[in-house]
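Hi,

Here is the structure I said I would pass on. Have a look at the sequence and the coordinates, and then read on for what turned up.

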Amino acid sequence: MSQPGLDELTPVNLRSTPALIADRLREQIVSGAFAPGSRMIEPQLGARLGVSRGPVREALQRLVQEGLLVNIPNRGVFVVELDAADIKDIYTARRAIEREAATLLHRGKSPHRLERLAAVVEEMRALAGQGDTRLIAEQDLAFHSALVEAAESPRLSRMFTTLLAETRICLANLMDLYPEQDLLVAEHQQLLALLQGRDEQALLDAVNTHLDSAVRDLTRPTGN
């Protein structure tokens with residue numbers, strides 16, 4: 001006997017066209033292919049992607065909700081431009097999430113999660129000195145993503161995903177202000193050691209110091 005309502009349901013695609021378009025545009029935005037302030041014009045995007053304007057419009061709205069685009073009335077949709085205040089706010093939100101994640105991992109001492117973080121730090125160390133700041137930046141973000149994943153909280157992870165995209169925009173356009181690679185490696189090695197250790201307050205203080213340092217670097221006036 002069929003259940004009422006089931007007969008009216010039809011199969012759905014696991015990934016809708018707007019979602020796929022949003023993924024593609026998100027990748028281009030965080031990579032810097034679409035510069036901050038760039039206008040996202042629906043007909044042009046639709047023609048380039050081979051789709052109608054409807055799915056493009058829905059995809060753009062998703063990215064507006066994520067904070068990667070901004071809809072300015074009577075002007076259009078533009079890639080967000082992040083100033084010093086935005087960067088500070090992004091890292092304020094990251095601090096709340098990452099401190100909680102660090103606390104949970106420190107108390108749980110999951111060997112698998114700690115091994116994952118150790119592998120990221122080792123890869124970062126191996127890449128240091130090669131002159132490719134973007135690769136080091138990716139390992140930096142991979143460490144913090146793995147830290148949040150260790151909390152095993154879907155909601156923390158979901159919030160961090162948006163912050164991660166905004167962080168990528170910061171880094172894509174501020175690579176000249178990124179900290180020295182050896183210093184960055186040392187900071188992550190310290191975080192890993194504290195996660196493996198016993199002093200929780202020292203760990204939380206180190207998280208604060210690490211994020212404060214990032215804000216100072218990313219908001220430092222160019223040329224100083």
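Let me start with the pocket. The largest one holds about 260 Å³ of space. By pocket I mean the following: on a 1 Å grid over the protein atoms alone, an open set of points where a 1.4 Å probe fits, with protein on both sides within 12 Å along at least five of seven lines. Lining residues have an atom within 4 Å of a point. Grid points are joined across faces, edges and corners, and the volume is the space filled by probe spheres set on the points.

Before you dock anything, the ground rules: this is a predicted model, where local features need pLDDT of at least 70 and side-chain atom pairs count only at pLDDT 80 or more, while totals for chains, interfaces and linings use all residues. Residues are numbered from 1 along each chain as its sequence is written, and side-chain values use heavy atoms, with hydrogens and water left out.

Back to the lining of that pocket: Arg24, Leu25, Gln28, Phe34, Arg39, Met40, Ile41, Gln44, Leu45, Arg48 and Leu49. Two elements give it two or more residues, α1 (17-31) and α2 (42-49), and α2 has the largest share with four. Helices here are DSSP runs of H or I with at least four residues, strands are runs of E with at least two, and both are numbered from the N terminus. Gln44, one of the lining residues, sits in α2 and is exposed at 56% relative accessible area. For those labels, buried is under 20% relative accessible area, exposed is over 50%, and partly exposed is in between (1.4 Å probe, protein chains only). From Gln44 to Val56, 12 residues further apart along the chain, the C-alpha separation is 9.9 Å.

Now the overall picture. The protein chain has nine helices and two strands, in the order α-α-α-β-β-α-α-α-α-α-α. Of its 224 residues, 41% are buried. Take the contacts (heavy atoms within 4.5 Å) between residues at least 6 apart in sequence: 73% of them join residues at least 24 apart.

On to the cores. A nonpolar core is a set of buried Ala, Val, Leu, Ile, Met, Phe, Trp, Tyr and Cys residues joined through side-chain atoms within 4.5 Å. The largest has 37 residues, and Tyr91, Leu105, Leu117, Phe143, Leu147 and Leu195 have the most contacts inside it. The elements giving it two or more residues are α4 (84-108), α5 (111-127), α6 (133-149), α7 (154-173), α8 (181-196) and α9 (200-218). Another core, of 18 residues, lies apart from it and includes Ala22, Met40, Ala59 and Leu69.

I spent some time on α6. It has 17 residues and reaches 24 Å from first C-alpha to last, close to the expected 24 Å at 1.5 Å a residue (that is, 1.5 Å times one less than the number of residues). The helix is mostly covered, with 12 of the 17 residues buried; among them are Asp140, Phe143 and His144. At the N-terminal end of α6, Asp132 acts as a cap, with a side-chain oxygen 3.2 Å from the backbone nitrogen of Arg134. Beyond neighbours within four places in sequence, Phe143 is in contact with Leu117, Val120, Val121, His188, Leu191, Leu192 and Leu195.

His210, in α9, is worth opening in your viewer. It counts as buried because its relative accessibility is 7%. Leaving out residues up to four places away in sequence, His210 touches Asp140, His144, Leu184, Glu187, His188 and Leu191.

Thr103 in α4 is buried too, at 9%. With neighbours within four places set aside, Thr103 is in contact with Glu200 and Leu204. Thr103 and Leu195 are 92 residues apart in sequence, with their C-alpha atoms 8.5 Å apart.

Last, some backbone angles. Most residues other than glycine have a negative phi. Lys109, in the loop between α4 and α5, has a positive one near 50°, and Lys109 is partly exposed at 29%. Glu152, in the loop between α6 and α7, has a positive phi near 55° and is exposed at 61%.

Cheers

Note on methods:
Polar contact = N/O pair within 3.5 Å; in protein donor to acceptor, adjacent residues only side chain to side chain.
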